[in-house]
Amino acid sequence: MSPSALRKMTLKELRATRRALLSARWTLQLETADEETRVAAGTELLRVNHAILKLENERLAEIRDALLENETDLVAGTESLREALEDRSRVEEVLGAISDVLGVVGRVIALL
């Protein structure tokens, strides 16, 4: 996959994740979660938004090699995230998938 396509795919999934984490359905799931889980969900939302902003603003030439080096993990991570978001009632699984993807993105660009 080309570096441009990798960045585009990753951004697409991160944007879908942000939409999911801002949805009424997700909010309802969090109402029954414990405080630690709700805090973790808020933190992950901030991290997702930060990753989107960083990926959008980085010059492709500057992250090209890192994208290619992490291609397999980016593809696998975004697929796992997409699957986890299909059933948002599994809050912990969704948060784990988000964290995994952001860990890979963090190897491409510097994150908080």
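Here is a friendly conversation about charges, helices and exposure in a predicted model.

Reader: Glad to have the structure open. What makes the contact between Arg15 and Glu56 a salt bridge?

Author: The closest N and O atoms of Arg15 and Glu56 are 2.7 Å apart. A salt bridge needs a side-chain nitrogen of Lys or Arg within 4 Å of a carboxyl oxygen of Asp or Glu, so the name applies here. The structure holds 8 salt bridges.

Reader: Which parts of the chain does the pair Arg15 and Glu56 tie together?

Author: Arg15 lies in helix α1 (residues 3–21) and Glu56 in helix α3, so the pair connects parts that are 41 residues apart in sequence.

Reader: Why are Arg15 and Glu56 called partly exposed?

Author: Arg15 has a relative accessible area of 30%, and for Glu56 the value is 37%. Buried means under 20% and exposed means over 50%, so a value in between is called partly exposed. Arg15 therefore gets that label at 30%, and Glu56 therefore gets it at 37%.

Reader: How far is Arg15 from Val108, in sequence and in space?

Author: Arg15 and Val108 are 93 residues apart in sequence, and their C-alpha atoms are 17 Å apart in space.

Reader: Let's move to Arg59 and Glu62. How do you know that their side chains meet in a salt bridge?

Author: The N to O distance between Arg59 and Glu62 is 3.9 Å. The cut-off is within 4 Å, so the pair qualifies. Both Arg59 and Glu62 are exposed.

Reader: And what makes Arg107 and Asp73 a salt bridge?

Author: Their side chains come to 3.1 Å, N to O, and a salt bridge is defined as within 4 Å, so this pair fits too. Arg107 sits in helix α6 (residues 91–108) and Asp73 in helix α5 (residues 71–86), and the pair links these distant parts of the chain, 34 residues apart.

Reader: Are Arg107 and Asp73 buried, exposed or partly exposed?

Author: Arg107 has a relative accessible area of 45% and Asp73 has 34%. Partly exposed covers what lies between under 20% and over 50%, so that is the term for such values. Arg107 is therefore partly exposed, and so is Asp73. Elsewhere, Asp87, Arg90 and Glu93 are joined into one network by salt bridges that share partners.

Reader: Good. Now, what makes one side of α4 a buried face?

Author: The buried residues of α4 are Ile63, Ala66 and Leu67. Looking down the axis of α4, these buried residues fall within an arc of 105 degrees, so they line one face of the helix. An α-helix has 3.6 residues a turn, so residues three or four places apart point the same way. On the other side of α4, Ala61 and Glu69 are exposed.

Reader: Arg64 is in α4 as well. Why is Arg64 called partly exposed?

Author: Arg64 does lie in helix α4 (residues 60–69). The relative accessible area of Arg64 is 40%, and exposed would need over 50% while buried would need under 20%, so partly exposed is the right word. The C-alpha atoms of Arg64 and Leu6 are separated by 9.4 Å, with their positions 58 residues apart along the chain.

Reader: Why is Glu86 called exposed?

Author: Glu86, in helix α5, has a relative accessibility of 59%. Exposed means over 50%, so the label follows. Glu86 and Ala20 are 66 residues apart in sequence and 9.6 Å apart in space, C-alpha to C-alpha.

Reader: How do you know that Arg19 is exposed?

Author: Arg19, which is placed in helix α1, has a relative accessible area of 56%. The cut-off is over 50%, so Arg19 counts as exposed. From Arg19 to Asn70, 51 residues apart along the chain, the C-alpha separation is 25 Å.

Reader: Finally, which residues gather in a patch of negative charge on the surface?

Author: Asp34, Glu35, Glu36 and Glu92 do. Asp34 is found in the loop between α2 (24–31) and α3 (35–57).

Reader: What makes Asp34 accessible enough for a patch?

Author: Asp34 has a relative accessible area of 46% and is partly exposed. Patch residues need over 30%, so Asp34 passes that step.

Notes: Residues numbered from 1 in each chain as written. Predicted model: local features only at pLDDT ≥ 70, side-chain atom pairs only at ≥ 80, totals over all residues. Heavy atoms only, no water. Patch = residues over 30% accessible without salt bridge, like charges linked within 9 Å, V, L, I, M, F, W, Y side chains within 5 Å. Areas by Shrake-Rupley, 256 points an atom, 1.4 Å probe, with all protein chains shown as cover. Lys, Arg positive; Asp, Glu negative; His and termini not counted. Charge placed at Lys NZ, Arg CZ, Asp CG, Glu CD. Helix = DSSP H or I, 4+ residues; strand = E, 2+ residues; numbered from the N terminus. Buried < 20%, exposed > 50% of the residue type's maximum accessible area, 1.4 Å probe, protein only. Arc of directions from axis to C-beta.
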